Amino acid sequence: MEEKKLPDVLKKDTTRRDFLKGTATAAGGALAISAIGGMSPKKAEAQYSVQTAPGTKPFAQKFLYTARHNCTGCRSCELACSLFHTGNVRPDMARIWIEKYKDIVDVPVICWQCDDAPCIAACPTTPKAITRDAKSNGIILNEKVCLGAKCMKCAEACPAKYVRGNPDTGQPLICDLCGGDPQCVKACHAQSGNPQGPCLMSRPVGIGMNMSFRNVTPEEAGKDLAHLLFYPNVEGKRVVPAKTRKGR
Amino acid sequence: MATPKGGNFGKVLEIDLSTQTARTRAIPDEVYQQFVGARGLGAYFAVKEYKAGKNPLDEDAFVFVGPGPLAGTMCVSPRTSIVNKNPYTGLLNHGECGAHLASEIKWAGWDGIYIKGRAKKPVWFSVVNDKVEFKDASKMWGKTTDDTHEMMIKDMKDSRIRSIVIGPAGENGVPYSCLIVERFRAAARSNAGIVFGDKKLKGFAVRGTKYAVPVVDNAKFLAAANVAKETNISDPGAGRRKVWGTASSMETNNFVLGSLIVKNFQTTWWPDVVKLGAEEAERKFWKRHVSCTNCQTHCLKLGVLREGKYKGLIAEAPEYESGGLLGTNLGMKDFDQMAALIEACDAYGLDYISTGGVLGFTTEAVEKGALKPSDLDGLKPKWGDGDTYMKLIDKIAYKQGKAGKLLSQGVARMSKQIGKGTDAYANVVKGREMAAHDPRGDKNRFYTYCIGTNGADHAEGASSSDLCRVAMNDSLCLCTFTSSGVWGASTDKIVVDMLNPLCGWNWKTDDYWMAGKRILTAERVFNVREGISSKDDRLPKRFYAEKLPAGPKKGVVFTEEDHTKRQTDAYKFLGWDEKGVPTEVSLKAYGLDFLIEDLNAAKRKYNL
C-alpha cells in the first residue's frame, strides 16, 4: 500500500546514475527530517557543510546549495537575481526560480555548478558559448556566440532541468554566481531566515553534495518534498468536502 | 494629464464579458496621486461611474482587481485589492488577499483588471502580458477552487500562473461567497463570488513575463524599501507571526486580551482554545511556512493531518479569523474538525467569517428554541458538533434543502425571517457578520467594525488614524502586518520615502494622510448615497446589553460612552459631521468637489 506512494525516483532501475539519485533523495529526506525538529539555524547549517578529510584544504570555489524544505516560496531570490542582472525586478529574467508543486510545496530550482558541467559539454559552438569562470566557479554565457532558442542543447543536458530560455532573446539563463557573491543567497538570508533557517546557502562545498542533489528535476524534487512534509497525502489532494470528491 | 513616470503603467485592463473583448483604459498620473491605486482606484471608479441605488448585479456592474504602485518591486507589497459594490450589504466593498497575484498583474504590464459585462455561458480568461484569451469554463463549473486552479495550469501549460477563482458557492449565488487565490488564499471579505457567479465568470489566470515596474530613482527606492523591510523584521509582533502566524492571537486573545469570540459572542473565555490554537497546531499539524511575494513574515502555515477521520487533510489552518469563527465561535474542542471546516470553506469559496457567524447564530437560535430541527432538514447543530456543521456548510454552498436556503441568506435576513427575538443575538454590522474580535474585550475594534467602509470588517484599523493608514495600505497593497499601523512597524515617513523615488512624486507625510482621508471619505460618500449614516455605525445589541460573563475582561460591557467617544473621534478626524456625513468643506479640502452634488441629494433624500 505505502509502496505505491513512494516517489517514482526511488523505483527506477539502479543504473549507477539512478543509484546515486536514489541515495541522494533518501539522504536529503533524512537530513531534512532531522533538521525540522526545532534545530537552531546554525546547527542546521553545520549539518549540511561537508567535512573534508583531515589535513586537506576545502575547495576555495563556491557552490550554491538549497535546503529545499526550508523554502517558503517568497521568491526574494528571483527578485534579487533579476535586479542584479537586468537592473529591473522581473523574475522571468532570473537565473533561479521557484516552482510550485501541487500548490502545497515550493521548489527552489538552482544551478548546482556541477563539477562535470553537462551544459558546457553539450554546448555545440566553437568556442563554447558557455564556460566556467575559474575564479568564481559561475557559468558564464557569451551572448555573441550562443545560438539561442534554436539550440538549447545546454537545457536538454541539464540534469536538474534548471536551464530556462530568456523570454526576450531566447538564450539560456544560467547562473554566474554574480561573480562570486550570489545575490539570491543574500536575499534569502535578508528574510531573516524562517524558523528552520534559510533555504539558500553558498559556501565552499566538497565533491558529492552538489553532484547527487542536482540529478533531481523540479517535479521530482516537488514529489520528494510533498512526501517528506505532507505524508500521507503525498499527492496534495483535497480531502474535504467529500461531496465534490464523489464527482458532483 | 500625464502618464505616470514610475510605479504605475498608467493603464488598466478592461474586460467586457458580454462581448468577450478587452481594451486598455488609460489612467493619468493625477488620479494615482489622488487615489493611489487598488482600493483607492476602485473607490474612484465606483463614485465616478455608479449612481445611487445601482444594482450590484447589473450587467455593467464592475469588479476591480488591483495591485498597488509598490507591487512587483523590491518593496514587500504582495496584496491584491478587490473592489465592487457588494450585493450582500448594498455598500461599497473592498477585500484584500495576499499571494503572488498582485506582482504577476504588474509584470504583465497592468495596473489592475476591471471586469464588467455578463457572459451567456461559463467563461474564464487568461492574461499573458498584453494578450487576453477568453475560454470556455463549462467543464470547470461546479468544481472546487483548487481543481479549477489545476485545470487552468493544465490549459495554459504553465505552473507559474496565478489564478483567482470562485467555487461552487459563488456559482450558486451565495451572497457571502468569495474569491480564492491559489488554493489557500481567500479574499474572504470581498464577497465578490456572487458577482463573478452572476457574470458567469469562473475566474482568471495571469502570467507576466514581459514587463518590469518602472522606477524613477532606483538607488533611493531600493534603500527605502530596505529600511521598510528591516524595520519590520526587527518588530517583535512580526517575529511572532513568523513563527506562529496570526493563530498565535487565539491563545493571547483568550488568556490576556479577553477578546476571543466564543459561541456566537456569548463569552470570550474558552480555555479549550489550547486544543485549537497555535501551540497545538505547531505540535501536531503545521509542516511548513508559506510567504507572499518577497515577504519575510511568511504568516501562512500549511499542515497535514496524519490520522483520524480526516487523515491526509491539508489545510491552511488555523489563522486567527478562521480559527476564531469556525473554532471557538462554534464551541469546538477538536482540532481536526475545525481544520476540516476551514478547508471546506476554502474549497467552496465561502467567506469563513460570515459562514462561522451564520453557523454560530443558527446554533444559538436552536439552543434558544427559535429554530427547530425541522427548519434545518432534521439537523440539530450543537456547540462543538463538527459533523453537523460540515453538513450545513455543504448545504449552504449548494443552497440545498430548507437549511441551505435559510442559512445561505446570512444572519441579518435570517433573523428578520425567523423573528422570535433573534435580533438580540444577531451579531451583524451593516448587514454583515462580525469577525473574531469581541469589541467588549478590545474596544478599539469599534473603529474597524463600525466606521470602516465594508461593515463588520476585521482589518480596517483600530483607531481613527489607523483607519487612514489601512486605507493607504490597501491602496498601496502593503500588508497591514508589514506596513504602518497598529500591526506593523513602518511609519508614514517610511512609506512616503518609498513612494517618492518610485513614482517621481513629491509627497510629504501630510499628503499620505490626505490621500488616506480622501479615499475613506470618497467611500463614505458612496455609502451615504446608499442611505448610511451615524445610526448604522453601531455595534449589535448584544455588546451594549450583555456583560462578559467570564475571562480577563469579566463584567465589561460596551457602553454608550465608549460608543460616542470613538464615533465622535473618528468623525472629527476624517472631517465628517455628527451624522457621519462628510462636510462640504472637507470634500473641497480633499479635492472631491465632484461629489458635493451627489452628497447634497443624498442628504435631502435621507433627511440628514
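Two residues are taken to be in contact if their C-beta atoms, placed from the backbone, lie within 7 Å. The model is predicted: local features need pLDDT of at least 70, side-chain atom pairs count only at pLDDT 80 or more, and totals for chains, interfaces and linings use all residues. Residues are numbered from 1 along each chain as its sequence is written, while chains are lettered from A and ligands numbered from 1 in the order in which they are written.

**Exercise 1. The contact of chains A and B**

Determine how many residues each chain gives to the contact, and describe the side of chain B that touches chain A.

Solution.
- Step 1: chain B contributes 42 residues and chain A contributes 32 residues.
- Step 2: at least two residues each are supplied by α4 (145–156), α8 (236–244), β13 (286–290), β14 (300–304) and α12 (335–348) of chain B. Here helices (H or I, at least four residues) and strands (E, at least two) are DSSP runs, numbered from the N terminus.
- Step 3: on this side of chain B, α12(B) gives the most, with five residues.
- Step 4: sorted by class, the side of chain B that touches chain A holds 17 nonpolar, 14 polar and 11 charged residues. Ala, Val, Leu, Ile, Met, Phe, Trp, Tyr, Cys and Pro count as nonpolar, Asp, Glu, Lys and Arg as charged, and the others, Gly among them, as polar.

**Exercise 2. Domains 1 and 3 of chain B**

State the domain bounds of chain B and characterise the contact of domain 1 with domain 3.

Solution.
- Step 1: chain B is split into domain 1 (11–207), domain 2 (245–430) and domain 3 (445–606), with bounds that come from an automatic or database domain assignment.
- Step 2: the centres of domain 1 and domain 3 of chain B, taken over C-alpha atoms, are separated by 25 Å.
- Step 3: domain 1 of chain B gives 36 residues to the contact and domain 3 of chain B gives 31 residues.
- Step 4: on the side of domain 1, two or more residues come from each of α1 (29–35), α2 (38–49), β4 (80–85) and β5 (92–97) of chain B; α2(B) gives the most, with seven residues.
- Step 5: this side of domain 1 has 18 nonpolar, 14 polar and four charged residues.

**Exercise 3. The hairpin of β1(B) and β2(B)**

Describe the pairing of β1(B) with β2(B) and the burial of β2(B).

Solution.
- Step 1: β1 (residues 11–16) and β2 of chain B run antiparallel and are joined by six bridges; two strands pair if DSSP finds at least two bridges between them.
- Step 2: Asp16(B) has Thr21(B) in β2(B) as its bridge partner.
- Step 3: four residues lie between the strands of this hairpin, in which Gln20(B) takes a positive phi near 50°.
- Step 4: β2(B), residues 21–26, is hardly covered, with zero buried residues among its six. A residue is buried if 20 or more other C-beta atoms lie within 10 Å of its own, exposed if 12 or fewer, and partly exposed in between, with C-beta atoms placed from the backbone.

**Exercise 4. A six-stranded sheet**

Give the strand order of the open sheet of six strands in chain B, and explain why β8 and β11 stand at its edges.

Solution.
- Step 1: the order is β8-β7-β12-β9-β10-β11 (chain B), with mixed pairing.
- Step 2: β8 (131–136) and β11 (185–187) of chain B each have a single partner strand, so one side of each is left without a neighbour in the sheet.
- Step 3: β9 (residues 162–165) and β10 (residues 179–181) of chain B run antiparallel and are joined by two bridges; Val165(B) has Ile180(B) in β10(B) as its bridge partner.
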